[in-house]
Amino acid sequence: MTPPEPQNKAPDGNAHEFSVSEISFALKRTVEDTFGHVRVRGEITGYRGPHSSGHCYFGLKDDKARIDAVIWRGAFQKLRFKPEEGMEAIATGKLTTYPGSSKYQIVIEHLEPAGAGALMALLEERRKKLAAEGLFAAERKRALPYLPEVIGVVTSPTGAVIRDILHRLQDRFPRHVIVWPVRVQGETSAAEVAAAIRGFNAMEKGGRIPRPDVLIVARGGGSIEDLWSFNEEIVVRAAAESAIPLISAVGHETDTTLIDFASDRRAPTPTAAAEMAVPVRGDLVADVRDRATRLMRAEARLVERLRAELTGLARGLPKLTDLIALPRQRFDNAADRLGRALIRAAEVKGAAFHRIEGRLSDRPIRQRIATERKALPQLLERLGRAEKRGLADLGRRLDGQAKLLESYSYHGVLKRGYAVVRDEAGKPVRAAEGQKPGAALEIEFADDRLGVVVAPGGAAKPEPKKAPPKTPDGKQGSLL
């Protein structure tokens, strides 16, 4: 565009004079009309984040030149990819001038990374930055609950992902599921996903809506641009701050996003996330039944072992009569000696009284002695009765102990028809296995003991009873 022609040419032939504003606005109209819509590729430089007004000011450069750039607040809020220092980007907008400083600039309406390589470089740079802050540290990871009561799912409510998750949960172990619907792609996706994670964490335990025990953030597969919402810092920080254990299931197995590093567990697919969240109910039921069976068998073996030990201990107890024979004999001897000792003591005391009586001359003392002498037989009689009561009481206590010991003895079992088999060493034989033919054994019955020999080929067979001999007159004789 050429500057406006002067209307009045100076007589001397000099050019028309323009004001600064006329020149500035003429250049502005020329630049805007010529470059009304352009795409500029360059590296972002001088970016310090949005201004307090919400606008962004920075520059685009290559190896030979630099151009100023501005993004107005309304356009910045709609950007899918936010500018970052050092990012190689393609800016779409229009060129204009800024008359206040005599410079030209591009007003950016749309911004995108310059190819997949730029996206990967941006992703790697952001990953290193967040890792340096400790958001991906292993010690931050929390264990998933073994059997959650409530599962929160952050995903699109209309896609196949939520159907796959619900179907897998129904097959494995049905649980209560709360879905927080979000956009999983687009300009507002990152903010919605972060708000959903923080919203689940803000729920109170025991409230009207139950608070989830585990969260699943899920999305189907797609390109790196489609999954970029899950690489945004706002989403990664929300996942790292979550007090509820979180499973990320974004994309397919080969897809990796930054939320995978911040989550407590990464699932290759949304279906695999549902499998991580709950166990298989049928396996749990089978395991419980198996453990119950093993417990019952263990208890039966324990009872059987204790019963065998108790039986062995009972067999080792001596007979009751052998235990109390010696104490009873001692008791009888002591009772006999006690009676004779009492009589001798009474005789000694009587003789002592007689000796003292002869030496005493006072009548009151003689009368007292005579009174006590008369009372002496009565005292002796009371002493004898006390002795008998004491001996009877001791006898009853001894009989009670004898009956108790008899109840613990294995002889009571023998009286009910059982028998004890012992080998030559006197040890109990518990089974027929291992007994060699010809080995001598002893069988103890309730009334007596009997020696036997193991017959070849198994247990000895009883010999047939012989008929009693007949007398010459044809009558059957006596067996004895």
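Colleague: I'm looking at the backbone oxygen of Val 184 and the side chain of Arg 219; what makes this pair a polar contact?

Modeller: This is a predicted model, and in it the backbone oxygen of Val 184 is 3.0 Å from a polar atom of the Arg 219 side chain. A polar contact needs N or O atoms within 3.5 Å, so 3.0 Å qualifies.

Colleague: Which side chain has a polar contact with that of Arg 219?

Modeller: That's Gln 185, at 2.6 Å. Both Val 184 and Gln 185 are also among the residues that Arg 219 touches, along with Phe 230 and Pro 270.

Colleague: And where does Arg 219 sit?

Modeller: In strand S8, which covers residues 214-219.

Colleague: How do you know that Arg 219 has no salt bridge?

Modeller: Look at Asp 226, the nearest side chain of opposite charge, which is 4.9 Å away. A salt bridge has to be within 4 Å, so Asp 226 doesn't make one with Arg 219. Arg 219 is buried all the same.

Colleague: Let's move to the sheet S11-S12-S13; why are S11 and S13 called edges?

Modeller: The sheet is open, with three strands in antiparallel pairing. S11 (420-422) and S13 (449-453) each have a single partner strand, so each has one side without a neighbour in the sheet. On average, neighbouring strands here are turned by 25 degrees against each other, ignoring direction.

Colleague: What makes S12 and S13 a pair?

Modeller: Pairing takes at least two bridges, and five join S12 (residues 440-444) to S13, so they count as paired. In these strands, Ile 443 stands opposite Leu 450 of S13.

How values were computed. Residues are numbered from 1 along each chain as its sequence is written. This is a predicted model: local features need pLDDT of at least 70, side-chain atom pairs count only at pLDDT 80 or more; totals for chains, interfaces and linings use all residues. Side-chain values use heavy atoms; hydrogens and water are left out. Helices (H or I, at least four residues) and strands (E, at least two) are DSSP runs, numbered from the N terminus. Buried means under 20% relative accessible area, exposed over 50%, partly exposed in between (1.4 Å probe, protein chains only). Lys and Arg count as positive and Asp and Glu as negative; His and the chain ends are not counted. A polar contact is a pair of N or O atoms within 3.5 Å; within protein, one must be able to donate a hydrogen and the other to accept it, and residues adjacent in sequence count only if both atoms are side-chain atoms. Contact means heavy atoms within 4.5 Å. Axes are lines fitted to C-alpha atoms, for helices over the stretch in contact, and angles run from 0 to 180 degrees between N-to-C directions. Lists of a residue's contacts leave out its neighbours within four places in sequence.
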